Each structure stands twice: as structure tokens, then as C-alpha cells.
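The following exercises are to be worked through with the sequence and the model at hand. Each task is followed by a solution in steps.

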Amino acid sequence: MNEPQVNDRLTSALRAVAADDEQLNTSAAVQARLLAEVGSMARARRRRTRIIALAIAAGLLLAIATPVWRARVRPPAATRAAVVSESGRGSADEVSTDFFPLAYSNVPAPAGHMVRIQVPRTALASFGVTSFASADDASVLADVVVGDDGLARAVRFVRLVGK
Amino acid sequence: MRAATFGNLLPRVDQFTSRVDDVGLDAVCRGDVEAFAKLFARFQGPIFRYAAHMCGRDAADDVVQETFLALLRRPDRYDSTRGTVVSYLFGIARHFVLKRLTSREVASLDGDPDEHQSADPVDQPTVLDSLTREETIDAVRVAIQSLPPAYREVVVLCELQEMSYAAAADVVQCPVGTVRSRLHRARSLLVMKLSPSATGSRK
């Protein structure tokens, strides 16, 4: 048998082996394990994506809501004076503490208003204010910032000097 | 003498030129189970057969699993400018195959086993004419299995998987000329191993 014939025979034999090899495949168990791995990787990926999205949303909300809320709970001096004037206490000079945040101070409120109320003098102590009112006063005035949702955001104590 | 019939010749496959965009690797990386199933169905066979010839069928399942897991866990390592997906997969599979070969076999893969260079028995008669198809397949399998790993590898890639020399060189990470010369020597060795004097008469 000459060289080309031998080569042809060998090539044919190798192709027969290749054709026979076609039935050789990875076991179904391996495929199942790999598919399960893809599934778990996809779930982990979705979880990560969700957490990142929530973190971004929370950050955006804080970034937007905080300045708005600050602007609302600290109205300009002119506005504060107007409120006092409208409530009929115009001529009297007032001394007030800073605003103290209340339990719902972190809840953003699109709008709100300030309400003046009278509270027992002991309320001063609960905010750590010790020497704001005289010992004779049974009650003190307080300005409470209330959001449109009805939740109190902050409070300050007021003393009328000219009274 | 019984004539062997080889009518069921493999069609030339084009999967060895597949690039990233037509195998859905991007979707696989995003965790698309369906895309992975398609990718797996397309490439598991060639990789399994390569591994089976190189380190046995028992280990071939593990090689396939490790290959695809490596692809899933580090898809960013695939660089489409450096080659096809299938070359990349075969490269990973080869890495795991090498881990299963003995150190002597691995050394022969890196170098060129030249103890057989003088083999040039192509004019010898072979036993192939005298065997049935099944006997031929068995005889050739045994002969391939007895080749040194470096030769066996190119026979598996170029002859059984019908990879081009360039694609095989990409997988084996050697020049195309080396693949060609190894294949030539491997074929000569196969003819020698299939000669009646080597196998014994089977008529």
C-alpha cells in the first residue's frame, strides 16, 4: 500500500473515531450543577443590584429632603416676626431658645406651620434647659413646628421680656 | 478481507471560529440561564471529548465542569481581541487537563518529544483494511491513547475535533508550524502502531 493510500485510510479511520465520539457528552449531572450555579449567581447579582439601587435612592432622598426640611423648620427672621405679630403679641419682645428636634424631626415634610402653646415649666428640664424661666412660672410658652402631616418636628421655648 | 465503511464522515464544523457576539457570552455573564444552556450545549461536547482523550472519561466530566465554572466566575478574563470563545474554553480545559497529567507527560507537552522523530512508516500496510468499523475505531482509539500527550493533543484537536492548525496552535500555545509537524509525526506513529506487526494479524 503506498503512502497516499495509507494516509487516506488513516484519515478515514480517524473520522470514524470522531463520528463515534459524537455520542460522548458531559453527564446530565454536570449540566444541572452548572445551571444551578448560573441561577444562584444571577440571584446574587440581582440582590446586589437591588441593594445598590436602594442605597442610591436613599442617598438621593436625603440629599433632596434635608435642605428642604431645614428651610422649613428654620424660617427666616422676618417670617418669625410676622408670625408673632399676627398672633397678637407684636409689641412684646421675646427671648427664645434654639429649636430642639423632636421624634419625627427626620421625617421630611413638604410644608408645615408653627404653633405657640403653653407647656408646664418642667418641660424645660426634659430638654436640658435649666435657667430659662423664673421659678415662679408654672408654665412657659413653646413654639412647635408641625408638618402638614400633623407630626411635630421641633420645639423652642419663648419668654416674653416686655410683659 | 472485510471492507470498512466510513460513510458517516463528520461535517466541517464552524464552531471553532465563534466569537463572543454569536455565542451570547454577554448574556451568560449577566446570569441568563437560557443563554448559558445554549453556550453549554454548543461547546460541552468538544471539550468533553478533548478531555476524555487526554486524561480519560472519568476525569472529563470534572474538566468540563471546572472549565465552565471558570468562565462563569471570571468572564472578564475573556478578551475577544485575543481569540475565539472556543479557543478560550479549550485553553481553560487544557489547564485543567494538565493538572491531571503526570509531570512527565506535562513536560512532553511543553517540549517536542523527539524520540519518535525518525518514525516514517507511511508505506507500511495497516490493519485498517482488515477490520470492521467497530474494530477499526477500537484499534485507532488504543493507538491514539498510546501516543505521547503532545502528539495525542494535536491529533485530538486537528483530526478528531477538525480544528484548523491556527486554532489548535492558539489552544496549545505554540507556533502553527509546530502543530503541523507534531501532527505529521503523530500520524506516522499511528500508522506504525496500526501496522500488522504492531497489532498482530486480525484477519
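**Exercise 1. Determine what percentage of chain B counts as buried, and describe the make-up of the chain.**

Solution. In this predicted model, chain B has 203 residues, of which 41% count as buried. The next step is to list the elements: chain B contains 10 helices and 0 strands. Read from the N terminus, the order is therefore α-α-α-α-α-α-α-α-α-α, each element being a helix as assigned from DSSP runs. Finally, consider the contacts in chain B between residues at least 6 apart in sequence: 73% of these join residues at least 24 apart.

**Exercise 2. Locate the bend in helix α2 of chain B and state what follows the helix.**

Solution. Helix α2(B) covers residues 33–55, and its bend of about 40° is placed at F43(B). Within four residues after that position comes a proline, P46(B). Moving past the helix, one reaches G56(B), which has a positive phi, near 95°.

**Exercise 3. Classify the packing of α3(B) against α4(B) and name the residues in contact.**

Solution. Two packed helices are described by the angle between their axes and the distance between the axes. Here, α3(B) (residues 57–73) and α4(B) (residues 85–100) pack at an angle of about 135°, and their axes are 9 Å apart. An angle over 145 degrees would count as roughly antiparallel, and 65 to 115 as roughly perpendicular; α3(B) is therefore oblique to α4(B). The crossing of α3(B) past α4(B) is right-handed.

The contact residues on α3(B) are A59(B), V63(B), E66(B), T67(B), A70(B) and L71(B). On α4(B), they are L89(B), I92(B), A93(B), F96(B), V97(B) and R100(B). Sorted by class, this contact comprises 9 nonpolar, 1 polar and 2 charged residues.

**Exercise 4. Carry out the corresponding analysis for α4(B) and α8(B).**

Solution. The axes of α4(B) and α8(B), the latter spanning residues 165–172, come within 8 Å and cross at roughly 40°. Angles under 35 degrees count as roughly parallel, so the two helices α4(B) and α8(B) are classed as oblique to each other. Their crossing is right-handed.

From α4(B), the residues S87(B), F90(B), G91(B) and R94(B) meet A167(B), D170(B) and V171(B) of α8(B). By class, the contact of α4(B) with α8(B) divides into 3 nonpolar, 2 polar and 2 charged residues.

**Exercise 5. Are E162(B) and Q173(B) buried, partly exposed or exposed?**

Solution. Begin with E162(B), in the loop between α7 (149–160) and α8 of chain B. Its phi is positive, about 55°, although the residue is not a glycine. Because E162(B) has 18 other C-beta atoms within 10 Å, and 20 or more would be needed for a buried residue, E162(B) is partly exposed.

Turn next to Q173(B), in the loop between α8 and α9 (176–193) of chain B. Q173(B), likewise a residue other than glycine, has a positive phi near 60°. Q173(B) has 11 C-beta neighbours inside 10 Å and, because the limit for exposed residues is 12 or fewer, Q173(B) counts as exposed.

**Exercise 6. Describe the side of chain A that touches chain B.**

Solution. First, the contact: 32 residues of chain A are in contact with 36 residues of chain B. On the chain A side, the elements giving two or more residues are α1 (3–21) and α2 (28–73) of chain A. The largest share, 15 residues, comes from α1(A). By class, the residues on this side of chain A are 16 nonpolar, 8 polar and 8 charged.

Technical notes. Residues numbered from 1 in each chain as written. Chains lettered and ligands numbered in written order. Predicted model: local features only at pLDDT ≥ 70, side-chain atom pairs only at ≥ 80, totals over all residues. Axes fitted to C-alpha atoms, helices over the stretch in contact; angles between N-to-C directions. Left-handed = near helix turned anticlockwise from the far one by under 90°. Contact = placed C-beta atoms within 7 Å. Nonpolar A, V, L, I, M, F, W, Y, C, P; charged D, E, K, R; others polar. Bend = angle between axes of the 7 residues up to and from the residue.
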